[in-house]
Amino acid sequence: MMKQDMFTYAFAAAMVLLLIWRIKGGYACGMMQEIVNILSGASALFCAALLLLAVNSAMTKSMHILTACIAALVILGIAFRLCSLIFKPLLAVGNISLLSGINKLLGALLGVMEAVLIAYIVYRALAYFGICVL
């Protein structure tokens, strides 16, 4: 029982540190840069998954899946480039002094939401593997 309590306290401490880290990062970057960072991370994870699927389908000689993965990677690259063209002017607008404070506060709020989402995913993953934290 004591070991479980220590793990629960360690998990709670890690989640508080995560929350502080993401609030500070969100406030420093601002909301628009946080959105860009989240989209970049999500697209990088998606690209990695597509590359692994492409390698697996090439090894199993499943050419229709390989073709779909390559097409999806090309489409993702084009979409990522379009998003960067859209966000470049929006990031410049966030630097206007009147909007800068609001942008930073919304960035901190987005950091809180990001930390809560990460904490939930970690909690569900630990529960899935049978490591009870609460």
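**Exercise 1. The nonpolar patch**

Find which residues form a nonpolar patch on the surface of this predicted model, and state how much accessible area they have together.

*Solution.* Begin with the members of the patch, which are V93, I96, L98, L99, I102, L106, L109 and M113, and which together have about 740 Å² of accessible area. Next, ask which element gives the most to the patch: this is α4, with 6 residues. Finally, take one member as an example: L106 is placed in helix α4, and with a relative accessibility of 35% L106 counts as partly exposed, because it falls between the limits of 20% and 50%.

**Exercise 2. A network of charges**

Determine how many salt bridges a search of the whole structure finds, and which residues they join into one network.

*Solution.* The search of the whole structure gives 2 salt bridges. In one of them the side chains of R22 and E34 meet, at 2.8 Å from N to O. Since R22 lies in helix α1 and E34 in helix α2, this pair ties together parts that are 12 residues apart in sequence. In another step, consider E114 and R22, whose side chains meet in a salt bridge at 3.2 Å, N to O. Here the link is between distant parts of the chain, with E114 in helix α4 and R22 in helix α1, 92 residues apart. Because partners are shared, the salt bridges join R22, E34 and E114 into one network.

Now decide whether R22 and E34 are buried or exposed. R22, at 9% relative accessibility, counts as buried, and E34, with a relative accessible area of 1%, is buried as well.

**Exercise 3. Charges over rings**

Identify the rings over which the charged ends of R22 and K104 sit, and give the distance to each ring centre.

*Solution.* For R22, already met as a salt-bridge partner of E34, the charged end sits over the ring of W21, at 4.7 Å from the centre of that ring. For K104, the ring is that of Y27, and the charged end sits over it at 5.6 Å from the centre.

**Exercise 4. Aromatic pairs**

Work out how many aromatic pairs a search of the whole structure finds, and classify each pair by the angle between the ring planes.

*Solution.* The search finds 2 aromatic pairs. In the pair of F11 and Y123 the ring centres are 6.4 Å apart and the planes stand at 50 degrees, so the pair is tilted. F11 lies in helix α1 (residues 2–29) and Y123 in helix α4 (residues 97–128), so these rings tie together parts that are 112 residues apart in sequence. As for their surroundings, F11 counts as buried at 14% relative accessibility, while Y123 is partly exposed, with a relative accessible area of 29%.

The pair of Y128 and F129 is edge-to-face, with 5.2 Å from centre to centre and 80 degrees between the planes. Y128 is exposed, with a relative accessible area of 68%, and F129 is exposed too, with 63%.

**Exercise 5. Cysteines without a bond**

Explain why the sulfur atoms of C69 and C83 do not form a disulfide.

*Solution.* Recall that a disulfide is a covalent bond between the sulfur atoms of two cysteines. For C69, the closest cysteine sulfur is in C47, 11 Å away, which is too far for a bond. For C83, the closest cysteine sulfur is in C47 at 12 Å, again too far for a bond. In keeping with this, a search of the whole structure finds 0 disulfides. The accessible areas can be added to the picture: C69 is buried, with a relative accessible area of 2%, whereas C83 is partly exposed, with 33%.

**Exercise 6. F46 and K61**

Locate F46 and K61 in the structure, and say how accessible each residue is.

*Solution.* F46 is placed in helix α2 (residues 31–59), and with a relative accessible area of 44% F46 is partly exposed. The C-alpha atoms of F46 and L73 are separated by 8.9 Å, although these residues are 27 residues apart along the chain. K61, in turn, is found in the loop between α2 and α3 (63–93), where K61 counts as exposed at 66% relative accessibility. The backbone of K61 also deserves a look: phi is near 60 degrees, a positive value in a residue other than glycine.

Conventions. Residues numbered from 1 in each chain as written. Predicted model: local features only at pLDDT ≥ 70, side-chain atom pairs only at ≥ 80, totals over all residues. Heavy atoms only, no water. Phe/Tyr/Trp six-rings, centres within 6.5 Å; stacked < 30°, edge-to-face > 60°. Helix = DSSP H or I, 4+ residues; strand = E, 2+ residues; numbered from the N terminus. Buried < 20%, exposed > 50% of the residue type's maximum accessible area, 1.4 Å probe, protein only. Lys NZ or Arg CZ within 6 Å of the ring centre and 35° of its normal. Disulfide = S-S within 2.5 Å. Patch = residues over 30% accessible without salt bridge, like charges linked within 9 Å, V, L, I, M, F, W, Y side chains within 5 Å. Areas by Shrake-Rupley, 256 points an atom, 1.4 Å probe, with all protein chains shown as cover. Salt bridge = Lys/Arg side-chain N within 4 Å of Asp/Glu carboxyl O.
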